[in-house]
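Colleague: I would like to go through this structure with you before planning any work on it. Could we take it part by part?

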Amino acid sequence: MLLPGLTSAWLPFHAGGVVGFIATFLLLHGLPLPPPPASQDPRAVGDPPGASRSPALYGVAPAGSADEDAGEARALYERVRILCWVMTAPGNLETKARHVRATWARHCNVALFMSSEPDESFPAVGLPVQEGRQQLYWKTIRAFQYVHRHHLGQADWFLKADDDTFVVVANLRWLLAGQAPERPVYFGKRFKPFVKQGYMSGGAGYVLSKEALRRFVAAFASRACSHTSAVEDVALGQCLEKVGVEAGDSRDTRGRETFHPFPPETHLTDKFSQSFWYRSYCYYPIVEGPQCCSDLAVSFHYVSGEQLYALEYLTHRLRPYGYRPRYRPPGHPPAPNATLP
């Protein structure tokens with residue numbers, strides 16, 4: 001039974017893929033971009049008129065019970081502080097964003113929903129941007145500027161996700177536990193074209209260290225970076241490479257991917273054709289079937305509202321009786337550039 005206001009995730013999946021590919025192709029072949037509105041000066045770091053102020057939601061540390069010890073999860077919650085900001089729109093608050101708010105966003109230390117209009121009851125931040133695919137990078141720039149201005153001291157890592165992305169925040173904390181937030185680095189699903197070191201898929205979500213966030217915001221204040229494209233993830237990756245932010249390896253200790261640009265069933269059961277764009281984009285070799293994904297997977301994209309609740313249950317409540325987790329890595333991944341087994 002469908003929840004009110006929810007539709008299939010496959011139509012936006014196919015449409016989004018086609019539109020994104022065409023936009024990237026045109027970008028790389030010299031199509032001039034329309035000039036931004038005069039009010040959209042990329043150097044601006046303050047809050048222009050109309051921007052909301054800090055409608056943040058704050059998570060609660062994991063609590064154990066008589067039959068389950070959440071001590072390690074609680075320790076990571078306190079030590080690896082993650083701010084999650086979710087890209088959404090006024091028309092998506094009740095159809096998509098509310099399901100994110102009710103599920104995985106509760107596990108972030110701080111959660112913000114970034115829209116083009118303020119909504120105090122949700123709550124959502126009203127950024128001074130327009131809606132539409134051509135505005136995605138502007139919204140990303142403004143969102144990170146807002147986070148830097150109002151919440152820099154409340155987190156060490158800063159995650160961007162869409163309102164149809166599912167994130168296992170506890171697994172993200174494990175991934176980041178061995179990393180220093182003062183190191184200029186970001187993690188996500190790594191793609192390889194258009195940027196020398198690769199860039200992170202926008203749909204799968206990506207997380208910036210505190211130093212990476214500082215450098216990104218400073219680059220727009222100094223004009224080292226500018227709004228070069230509507231293709232958000234590519235443009236952000238180009239800017240971060242320019243200011244010395246490393247594209248990190250987010251695979252687990254067995255070399256399995258943790259960030260995923262499609263729903264779980266796509267990675268688990270589909271066979272990607274040789275001509276499918278995904279094969280030429282992936283930075284690391286594609287693995288299909290049950291070994292596609294880490295046991296400590298972090299994210300999946302194109303997830304419907306119903307699936308958000310199902311994945312929340314499967315990741316936080318369902319347990320097979322009598323078994324311990326088969327994959328029990330150390331408290332953090334190997335050091336950068338370590339050899340994977």
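The questions below go through a helix, some aromatic pairs, some salt bridges and two polar side chains of this predicted model.

Colleague: Is helix α5 largely enclosed or exposed?

Modeller: Helix α5 covers residues 169-176. Seven of its eight residues are buried, so the rest of the structure surrounds most of the helix. Among the buried ones are Val169, Leu172 and Trp174. Helix α5 is therefore largely enclosed.

Colleague: Which elements do the buried residues of α5 pack against?

Modeller: The buried set includes Asn171, Arg173, Leu175 and Leu176. These buried residues of α5 pack against one helix and several strands, namely α2 (71-79), β2 (82-87), β5 (157-162), β6 (166-167), β7 (185-188) and β10 (206-209).

Colleague: Which residues does Asn171 touch, and which backbone oxygen does its side chain reach?

Modeller: Asn171 sits in helix α5 and is buried, at 13% relative accessible area. Leaving out residues up to four places away in sequence, Asn171 touches Asp295, Leu296, Ala297 and Val298. At 2.8 Å, its side chain reaches the backbone oxygen of Ala297.

Colleague: How many aromatic pairs are there, and what kind is the pair of Phe194 and Tyr281?

Modeller: The count is 24 aromatic pairs. The ring centres of Phe194 and Tyr281 lie 5.8 Å apart, with the planes at 80°. An angle over 60 degrees counts as edge-to-face, so the pair of Phe194 and Tyr281 is edge-to-face.

Colleague: How many residues apart in sequence are the parts that this pair ties together?

Modeller: Phe194 is in the loop between β8 (190-191) and β9 (199-200), whereas Tyr281 is in helix α9 (residues 277-281). Phe194 is partly exposed at 29% relative accessible area, while Tyr281 is buried at 9%. The pair therefore ties together parts that are 87 residues apart in sequence.

Colleague: And what kind of pair do Phe276 and Trp277 make?

Modeller: Their ring centres are 5.5 Å apart and their planes stand at 55°. That angle is neither under 30 degrees nor over 60, so the pair is tilted.

Colleague: Which residues form one aromatic cluster with Phe194 and Tyr281?

Modeller: Phe276 and Trp277 belong to the cluster as well. Phe276 is partly exposed at 25% relative accessible area, and Trp277 is partly exposed at 25%. The cluster as listed is Phe191, Phe194, Tyr199, Phe262, Phe272, Phe276, Trp277, Tyr278 and Tyr281.

Colleague: Over the face of which ring does Arg251 lie, and which residue is its salt-bridge partner?

Modeller: Arg251 is buried, with a relative accessible area of 19%. It lies over the face of Tyr284, at 3.9 Å from the ring centre. Arg251 also forms a salt bridge in which the closest N and O atoms are 2.9 Å apart, and the partner is Asp249.

Colleague: How many salt bridges are there, and how many residues apart are the parts tied together by Lys210 and Asp156?

Modeller: The count is 17 salt bridges. Lys210 and Asp156 meet in one of them, at 3.8 Å from N to O, and both residues are buried. Lys210 is in helix α6 (residues 210-221) and Asp156 in the loop between α4 (136-151) and β5, so the bridge ties together parts that are 54 residues apart in sequence.

Colleague: What distance separates the closest N and O atoms of Glu211 and Arg215?

Modeller: Both residues lie in helix α6, four residues apart, about one turn of the helix. Glu211 is buried at 17% relative accessible area, whereas Arg215 is partly exposed at 29%. They form a salt bridge, with the closest N and O atoms at 2.9 Å.

Colleague: Is Ser299 buried or exposed, and which backbone oxygen lies 2.6 Å from a polar atom of its side chain?

Modeller: Ser299 is in strand β12 (residues 299-300), and at 1% relative accessibility it counts as buried. Beyond its neighbours within four places in sequence, its contacts include Thr165, Phe166, Val167 and His260. The C-alpha atoms of Ser299 and Val168 are 6.3 Å apart in space, although the two residues are 131 apart in sequence. The backbone oxygen at 2.6 Å from the polar side-chain atom is that of Ala204.

Notes
Residues are numbered from 1 along each chain as its sequence is written. This is a predicted model: local features need pLDDT of at least 70, side-chain atom pairs count only at pLDDT 80 or more; totals for chains, interfaces and linings use all residues. Side-chain values use heavy atoms; hydrogens and water are left out. Buried means under 20% relative accessible area, exposed over 50%, partly exposed in between (1.4 Å probe, protein chains only). Helices (H or I, at least four residues) and strands (E, at least two) are DSSP runs, numbered from the N terminus. Contact means heavy atoms within 4.5 Å. Rings of Phe, Tyr and Trp (its six-membered ring) pair if their centres lie within 6.5 Å; planes under 30 degrees apart count as stacked, over 60 as edge-to-face and the rest as tilted. A charge sits over a ring if NZ of Lys or CZ of Arg is within 6 Å of the ring centre and within 35 degrees of the ring normal. A salt bridge is a side-chain nitrogen of Lys or Arg within 4 Å of a carboxyl oxygen of Asp or Glu. A polar contact is a pair of N or O atoms within 3.5 Å; within protein, one must be able to donate a hydrogen and the other to accept it, and residues adjacent in sequence count only if both atoms are side-chain atoms.
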